[in-house]
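Student: I am new to this structure and would like a close look at a single part of it. Could you take me through one sheet, slowly, together with what packs on it?

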Amino acid sequence: MAYKFSYEKVNEIIKQLSKEYDIYAPKRFLKQGRYSDTDIVRYDKIEQVEDIVFDEKSDYAAKEILSPITQSLFYFTEDEFRESKEKNKKILIFMRPCDVNAMERQDKIYLQNGGFSDIYYKRMREKVKIALIECTEGWDTCFCVSMDCNKCNNYSIAIRNESNSWLVDVKDDDLTDYFNGEEVDFQLKFIEENELKVNIPEIKNKNILTKLKEHKMWEEYNKRCISCGACTTSCSTCTCFTTTDIIYNENSNVGERRRTTASCQVAGFDNMAGGHMFRTTAGDRMRYKVLHKFYDYKKRFKDYHMCTGCGRCIDRCPEFISIVATVEKMNNAILEIEKEEC
Ligand code: SF4
Ligand code: SF4
C-alpha cells in the first residue's frame, strides 16, 4: 500500500515512530568535514524530516549503526564479567539500496561465520527495520549497477522524497498503523546505469591467483598509498575491528573490553605475537583488500562479491586511489598471466 504525505505529516509520523524506534538517517554535521569549513554527512539519530540529507551521498555508511566505531562489549572484575546492556528500542534506518545490500554482506560475516554468531551484532540486527530511500541517479563515484547492488526489495517502508512531501510504500504490517493517508500509485524506481562501471575479473585457477598475488601491479601502491585506512573505515562492508581492555584504575583489575573499528590498510594491523607480520608494504595490504572484496568473500560465501559499488572509498582516499581503476589493473594483469600460460 502506498501513500503520499506532506513534510508536516511526515514529521508527525516521525514523532510517533520515535516512541517505539530510534530512527537513523544521513545527517549533516557542520564544519566537521575533512578540510576546514567543510561539513560531513554521516548516520545519526534524526527527529524530523529536515534532519535527513537526501541530496548528497553520506561520507560514511549506514553500517555505523550496527557496527559502531567503538563499542563496549563487557565489563569485568577479577573473577566475573557482565555483558554490556542492549538498548530497548527498536531501530529504523533510512538507507539506499547499496547500504541495504551492504548490510546483507555484513550479516554473512557477523552471523554466518563458520556457525558462529556475533552476539553484539545479532542483538542489534534483530531490532532493525529498513526504510529504503529511492535512489535513481547516484553520484559520479557509484558503480552499484556493476556490483548488482542498485536494487533491493528487502524493506519495511520505501520512500521517494519529493520537494515537500514523501511517497511511501509500506510493506511491513508492524508499521501500517503509522502510515495512514491518501492512497497513491507509487512504483519504486532504481538506478539502471552508472557512469562508472567495472568488470570483475574471473580468477580461473590457483596458479593464476598465485601469480596475481606476486604481480608487479601492487608495487605502485607502495608509493601512492599512505596506509591511512580512510578507504576501509568509510567502506560500507568492511568489518574488521580490534579489541582493547580498558582498566579503570592502574592498580585494579576492573575494567571493560571495547572493540573499535580497525583497518587492514594500516601498518601493524596484522602484527602477531613474536613480531611476525604478514603484509609489510602498502602494496601487500592493497592486494589483500582488493582480493578480499573481489575474490575471497565470494569464494567463501558463494552468492556475490563483498563490494557493493558505493564508491565511498574512492571519495575518501586522500591519494585519489580508485578501487575501480585498481580492479581494471587487476583485469589487465590476469590477461597478461593467462597469455603467459598459453
Ligand atoms: S570497497 Fe569501496 S566501493 Fe566497495 S563497498 Fe567498500 S567503500 Fe564501497
Ligand atoms: S584511503 Fe587511499 S591512501 Fe588511505 S589506505 Fe586507503 S587506498 Fe591507501
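Tutor: What follows is a walk through the open sheet of 8 strands and the helices beside it, with a short look at a second sheet at the end.

This is a predicted model, in which local features need pLDDT of at least 70 and side-chain atom pairs count only at pLDDT 80 or more, while totals for chains, interfaces and linings use all residues. Residues are numbered from 1 along each chain as its sequence is written, chains are lettered from A and ligands numbered from 1 in the order in which they are written, and side-chain values use heavy atoms, with hydrogens and water left out.

The 8 strands of the open sheet follow the order 3-2-6-7-8-9-1-10, and their pairing is mixed; strands (E, at least two residues) and helices (H or I, at least four) are DSSP runs numbered from the N terminus, and two strands pair if DSSP finds at least two bridges between them. Strand 3 (40–45) and strand 10 (182–183) stand at the edges with a single partner strand each, so one side of each has no neighbour in the sheet. At one of these edges, strand 10 pairs with strand 1 (residues 2–6) in the antiparallel sense, over 2 bridges, and there Tyr3 stands opposite Glu183 of strand 10.

Helix 3 (residues 97–111) packs on this sheet, touching strand 3, strand 6 and strand 7 (128–133), and its direction makes about 150° with that of strand 7. Contact here means heavy atoms within 4.5 Å, and angles, from 0 to 180 degrees, are taken between N-to-C directions of axes fitted to C-alpha atoms, for helices over the stretch in contact. Helix 1 (residues 7–17) lies across strand 1, strand 2 (21–29), strand 6 (90–95), strand 8 (157–161) and strand 9 (165–170), and runs at about 105° to strand 1.

A second open sheet has 4 strands in the order 5-4-12-11, with antiparallel pairing. Its edge strands are strand 5 (81–83) and strand 11 (241–247), each of which pairs on one side only. Strand 4 (residues 70–76) runs antiparallel to strand 5 and is joined to strand 5 by 3 bridges, where Phe76 has Phe81 as its bridge partner.
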